Amino acid sequence: MSIDASVKSAFERGYRVIIPKGTNSTVDNDYMDAETTYKYYNEMMWPNRFADFVSLDEAIGMMERL
């Protein structure tokens, strides 16, 4: 359910991690509701540290340029 380990593992191995905004989700857990968990990772934990967040259109453009 979580991509956190994948994001951090890829980062630690030197990959540039790009996550298109709005392309992941979560569910409530024992500590936080889904909305809070989503915001925590997508707005606080990953950006400018482990991953770049771009619009879906930007991500598609990046793939087309490869």
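Trainee: Which residues does Val 17 touch, not counting those up to four places away in sequence?
Mentor: This is a predicted model: local features need pLDDT of at least 70, side-chain atom pairs count only at pLDDT 80 or more, and totals for chains, interfaces and linings use all residues. Residues are numbered from 1 along each chain as its sequence is written, and side-chain values use heavy atoms, with hydrogens and water left out. A contact means heavy atoms within 4.5 Å. By that rule, Val 17 touches Val 7, Ala 10, Phe 11, Phe 50, Ala 51 and Asp 52.

Trainee: Is Val 17 buried or exposed?
Mentor: Start with the cut-offs: buried is under 20% relative accessible area, exposed is over 50%, and partly exposed is in between (1.4 Å probe, protein chains only). Val 17 lies in the loop between α1 and β1. Its relative accessibility is 13%, so Val 17 counts as buried.

Trainee: How far apart are the C-alpha atoms of Val 17 and Ala 51?
Mentor: Ala 51 is one of the residues that Val 17 touches. Along the chain, the two are 34 residues apart. Their C-alpha atoms are separated by 4.7 Å.

Trainee: Which residues form the largest nonpolar core?
Mentor: The core is a set of buried Ala, Val, Leu, Ile, Met, Phe, Trp, Tyr and Cys residues, joined through side-chain atoms within 4.5 Å. In soluble globular proteins, nonpolar side chains tend to be buried together. Here the largest such set has 8 residues: Val 7, Val 17, Ile 19, Met 45, Trp 46, Phe 50, Ala 51 and Phe 53.

Trainee: In what order do the elements of the chain run from the N terminus?
Mentor: Elements are DSSP runs numbered from the N terminus: helices are H or I with at least four residues, and strands are E with at least two. The chain has 3 helices and 2 strands. From the N terminus on, they run α-β-α-β-α.

Trainee: How many salt bridges does the rule give?
Mentor: Side chains of opposite charge can pair when their charged atoms come close. The rule asks for a side-chain nitrogen of Lys or Arg within 4 Å of a carboxyl oxygen of Asp or Glu. The count of salt bridges comes to 3.

Trainee: Why does the salt bridge of Arg 16 with Asp 52 tie together distant parts of the sequence?
Mentor: The closest N and O atoms of Arg 16 and Asp 52 are 3.0 Å apart. Arg 16 lies in the loop between α1 and β1 (18-20), while Asp 52 lies in strand β2, so the pair ties together parts separated in sequence by 36 residues.

Trainee: Which of the words buried, partly exposed or exposed fits Arg 16?
Mentor: Its partner Asp 52 has 30% relative accessibility and counts as partly exposed. Arg 16 has 60% relative accessibility, so Arg 16 counts as exposed.

Trainee: Which residue forms a salt bridge with Lys 8?
Mentor: Lys 8 is partly exposed, at 23% relative accessibility. Its partner also lies in helix α1 (residues 4-12), 4 residues away, about one turn of the helix. The closest N and O atoms are 3.2 Å apart, and the partner is Asp 4.

Trainee: What does Asp 4 touch, not counting residues up to four places away in sequence?
Mentor: Asp 4 is a charged residue in helix α1. Its relative accessible area is 12%, so Asp 4 is buried. Asp 4 touches Tyr 41 and Trp 46.

Trainee: How far apart are the closest N and O atoms of Glu 35 and Lys 39?
Mentor: The two sit 4 residues apart in helix α2, so about one helical turn separates them. Glu 35 is exposed at 54%, and Lys 39 is partly exposed at 36%. Glu 35 and Lys 39 form a salt bridge, with the closest N and O atoms 3.3 Å apart.

Trainee: Which residue has a positive phi although it is not a glycine?
Mentor: Look in the loop between α2 (34-45) and β2 (52-54). The residue there is exposed, with a relative accessible area of 77%. Its phi is about 60 degrees, and the residue is Asn 48.

Trainee: What share of the 66 residues is buried?
Mentor: The C-alpha atoms fill a box of roughly 40 × 25 × 20 Å along the principal axes. Among contacts between residues at least 6 apart in sequence, 56% join residues at least 24 apart. The buried share of the chain is 27%.
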